[in-house]
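Colleague: I'd like to learn how to read a model like this one, feature by feature. Could you take me through it, starting with the charged pairs?

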Amino acid sequence: FHSVTTGASNDIEQATKLARAMITRYGMSDFDMVAFETVSNQYLGGDASLACSPETASEIDREVVKTVHDAHEKALGILTENRAALDRLAAYLLEKETITGEEFMALLSETENAEKHG
């Protein structure tokens, strides 16, 4: 909707945590299968600590930013491609406040059919 709010702050925080874990714990980066982060007291809050040089930590930070940025760009593309469906769903929700899975799928189908036929 082209407006900036604080509503997504928790989503951004979670996306950043996930991207960092992907890179530092799960080996999902150009660093290959190396774990740079260890988690202590996994069941008591999971305090994490990095075990790498400051240079590597800077590279990790750049990789985290790139991962979140790329995911954001992909999400924007998906939302832009499906703008008509989103507008239709938003209008429905403003009117009814809730939607079932069946109603959701029907609205998506209507939007797809409308786009195909003009």
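Modeller: Gladly. A salt bridge here is a side-chain nitrogen of Lys or Arg within 4 Å of a carboxyl oxygen of Asp or Glu. Keep in mind that this is a predicted model. Searching the whole structure with that rule gives six salt bridges.

Colleague: Which side chain meets D61 in a salt bridge, and where do the two residues lie?

Modeller: The partner is R20, with N and O 2.9 Å apart. D61 belongs to helix α2 (residues 54-81) and R20 to helix α1 (residues 9-24), so this pair ties together parts that are 41 residues apart in sequence. As for exposure, D61 is partly exposed at a relative accessible area of 36%, and R20 is partly exposed too, at 25%.

Colleague: What about E37 and R25?

Modeller: Their side chains also meet in a salt bridge, at 2.8 Å from N to O. E37 is in strand β1 (residues 37-40), while R25 is in the loop between α1 and β1, so the parts tied together are twelve residues apart in sequence. Here the cut-off helps: buried means under 20% relative accessible area. E37 has 11% and is therefore buried, whereas R25, with 34%, is partly exposed.

Colleague: How many residues separate K66 and D70 in helix α2?

Modeller: They are four residues apart in that helix, which means about one helical turn separates them. K66 and D70 form a salt bridge whose closest N and O atoms are 2.7 Å apart. K66 is partly exposed, with 48% relative accessibility, and D70 is partly exposed with 37%.

Colleague: Let's turn to the nonpolar side. How should I think about a core?

Modeller: The general idea is that in soluble globular proteins, nonpolar side chains tend to be buried together. In this structure, the largest nonpolar core has five residues: A19, I23, F36, I60 and V64. Helices α1 and α2 each supply at least two residues of this core.

Colleague: Which residues is I60 in contact with, leaving aside its neighbours within four places in sequence?

Modeller: The list is R20, I23, T24, F31, F36, L50 and C52. Two of these, I23 and F36, are fellow members of the core. R20 is the residue that forms a salt bridge with D61.

Colleague: And on the outside, which residues make a nonpolar surface patch?

Modeller: L76, L79 and L86 make one of about 230 Å². L86 lies in helix α3 (residues 83-96) and is partly exposed, at 35% relative accessibility.

Colleague: Since we are in helix α3, what does A84 touch, beyond residues up to four places away in sequence?

Modeller: A84, which is also in α3, touches T111 and E115. A84 is partly exposed, with a relative accessible area of 38%. Its C-alpha atom is separated by 9.2 Å from that of L108, a residue 24 places away along the chain.

Colleague: Is T111 buried or exposed?

Modeller: T111 is buried, at 6% relative accessibility. This residue sits in helix α4 (residues 101-116). Apart from residues up to four places away in sequence, T111 touches A84, A85 and R88.

Colleague: Now the overall picture. What pattern does the chain follow along the sequence?

Modeller: The order is α-β-β-α-α-α, from four helices and two strands.

Colleague: How does the radius of gyration compare with that of a compact globule?

Modeller: The chain has 20 Å, whereas a compact globule of 118 residues would have a value near 13 Å. Along the principal axes, the C-alpha atoms fill a box of roughly 55 × 30 × 25 Å.

Colleague: What share of the residues is buried, and how much area does the chain expose?

Modeller: Buried residues account for 15% of the 118 in the chain. The exposed area is about 9300 Å², with carbon and sulfur atoms supplying 56% of it.

Colleague: One last feature: how should I read contacts by their separation in sequence?

Modeller: Begin with contacts between residues at least 6 apart in sequence, and ask what share reaches further along the chain. In this chain, 33% of those contacts join residues at least 24 apart.

Terms used:
Residues numbered from 1 in each chain as written. Predicted model: local features only at pLDDT ≥ 70, side-chain atom pairs only at ≥ 80, totals over all residues. Heavy atoms only, no water. Buried < 20%, exposed > 50% of the residue type's maximum accessible area, 1.4 Å probe, protein only. Core = buried A, V, L, I, M, F, W, Y, C linked by side-chain atoms within 4.5 Å. Contact = heavy atoms within 4.5 Å. Patch = residues over 30% accessible without salt bridge, like charges linked within 9 Å, V, L, I, M, F, W, Y side chains within 5 Å. Areas by Shrake-Rupley, 256 points an atom, 1.4 Å probe, with all protein chains shown as cover. Rg over C-alpha atoms; globule rule 2.2 N^0.38 Å.
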